[in-house]
Amino acid sequence: MDQTVIKYRHCGRDIYTFSCSLYSFTQQTDDVDRSACPICHHTLTFGLFDAPVTLTCPFMNAHQVSCAFVIGSVHGPSYLGEWHDTEIHVGVSNSEGLVYNYTLSGVKRDDLGWEQCVCVQLVPPWRHDLRESWDRNLEEFSVLSEWVSERFEEEREFGSCCYGFALTFINRMRSLDGKLSLSRDQFTGSYILPRMKTVSTYIKIYHTILQHGFYKLDNT
Ligand SMILES: [Zn+2]
């Protein structure tokens, strides 16, 4: 999902397409087909204040997002639209973008492989004191006997293990900050689901453009 999605307005609709299809339009102004609106087939002209808007991609490189709860999928970002435990893998990044995640072979510290993820940053970047304590606690937490590979299957009974690892760490940091623990449902509901809605919409738009060349929203 590395194309840039843009949105423009024509014949009373918001129309989404990949930016590259419009670049070729501007570079080949004699090519009328490329410049036509896919709905009304009238030639598109972009004048002053008509610049298409770039849609923000909800996926980020987790190795560049510090102190975050990170959601990825081994099958690629397209699988992040549906909230299925079997499709997703979650981890926690430290201030250097190293992603700690609990797997069948114990806790892994990845500096690669989490390039297209949903990231929920949990520590403000300017709180250097908190970032330091986050890193130190994350390292200490990840070597606890609780997270050895042999216990992975056991943990599975309580929902997905990687999620349990990440949330237990987050709750440990919350308690150090004098805050109450969050249940899995509370954390998911407050921090994850609102973002996943945006992600699902983005994936739907992206796949429709891949299939049909554009996506339209009737909102006259
Ligand atoms: Zn049109």
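**Exercise 1. The fold along the chain**

Which pattern does the chain follow when it is read along the sequence?

*Solution.* The structure is a predicted model. Read along the sequence, its chain follows the pattern β-β-α-β-β-β-β-β-β-α-α-α-α-β, and the secondary structure comes to five helices and nine strands. As for burial, the chain has 220 residues, of which buried residues make up 41%.

**Exercise 2. The zinc site**

Identify the protein donors of the zinc ion, assign the geometry of the site, and place the donors along the chain.

*Solution.* Step one is to list the donors, which are His10 through ND1 and Cys11, Cys37 and Cys40 through SG, at 2.0 to 2.4 Å from the zinc ion.

Step two is the geometry: four donors count as tetrahedral if all angles lie between 85 and 135 degrees, and the angles among the four donor atoms here are 102 to 121 degrees, so the site is tetrahedral. For comparison, the ideal angle at a metal with four tetrahedral donors is 109.5 degrees.

Step three is the spacing along the chain, which reads H-C-x25-C-x2-C for the donors of the zinc ion. His10 and Cys40 link distant parts of the chain, being 30 residues apart, with His10 in strand S1 (residues 5–10) and Cys40 in the loop between helix H1 (19–27) and strand S3 (53–54).

Step four asks about accessibility: Cys40 has a relative accessible area of 25%, and is therefore partly exposed.

**Exercise 3. Contacts around Tyr16**

Classify the aromatic pair of Tyr16 and Tyr215, and say which parts of the chain the pair ties together.

*Solution.* The model holds 16 aromatic pairs. In the pair of Tyr16 and Tyr215, the ring centres are 5.6 Å apart and the planes are at 65 degrees, and because planes over 60 degrees apart count as edge-to-face, that is the class of this pair. Tyr16 belongs to strand S2 (residues 13–18) and Tyr215 to strand S9 (residues 215–218), so the pair ties together parts that are 199 residues apart in sequence.

Both partners fall under the 20% limit for buried residues, since Tyr16 has a relative accessibility of 7% and Tyr215 one of 12%.

Ile209, in helix H5, also belongs in this picture, for its C-alpha atom is separated by 7.4 Å from that of Tyr16, although the two residues are 193 apart along the chain. With a relative accessible area of 3%, Ile209 is buried.

**Exercise 4. Further rings**

How is the aromatic pair of Tyr202 and Tyr206 oriented, and where do the two residues lie?

*Solution.* The planes of Tyr202 and Tyr206 are 35 degrees apart, with 6.1 Å from centre to centre, and the pair is tilted. Both residues lie in helix H5 (residues 184–212), four residues apart, about one turn of the helix, and both are buried.

Elsewhere, ring pairs link Tyr102, Trp134, Phe141, Trp147, Phe165 and Phe169 into a cluster. A contact of another kind involves Arg184, whose charged end sits over the ring of Tyr163 at 4.0 Å from the ring centre.

**Exercise 5. The second largest pocket**

Describe the space and the lining of the second largest pocket.

*Solution.* This pocket holds about 340 Å³ of space. Its lining consists of 15 residues, with Leu122, Trp134, Met173, Arg174 and Asp177 lying nearest the centre. Helix H2 (128–142), helix H4 (161–176) and H5 each supply at least two lining residues, and the largest share, four residues, comes from H4.

How values were computed. Residues numbered from 1 in each chain as written. Predicted model: local features only at pLDDT ≥ 70, side-chain atom pairs only at ≥ 80, totals over all residues. Heavy atoms only, no water. Donors = N, O, S within 2.8 Å, 3.2 Å for Na, K, Ca; no water. Tetrahedral: all angles 85-135°; square planar, octahedral: opposite > 155°, others 65-115°. Buried < 20%, exposed > 50% of the residue type's maximum accessible area, 1.4 Å probe, protein only. Phe/Tyr/Trp six-rings, centres within 6.5 Å; stacked < 30°, edge-to-face > 60°. Lys NZ or Arg CZ within 6 Å of the ring centre and 35° of its normal. 1 Å grid on protein atoms, 1.4 Å probe; cavity = no way out; pocket = protein on both sides within 12 Å on 5 of 7 lines; lining within 4 Å. Points joined across faces, edges and corners; volume = space filled by probe spheres on them.
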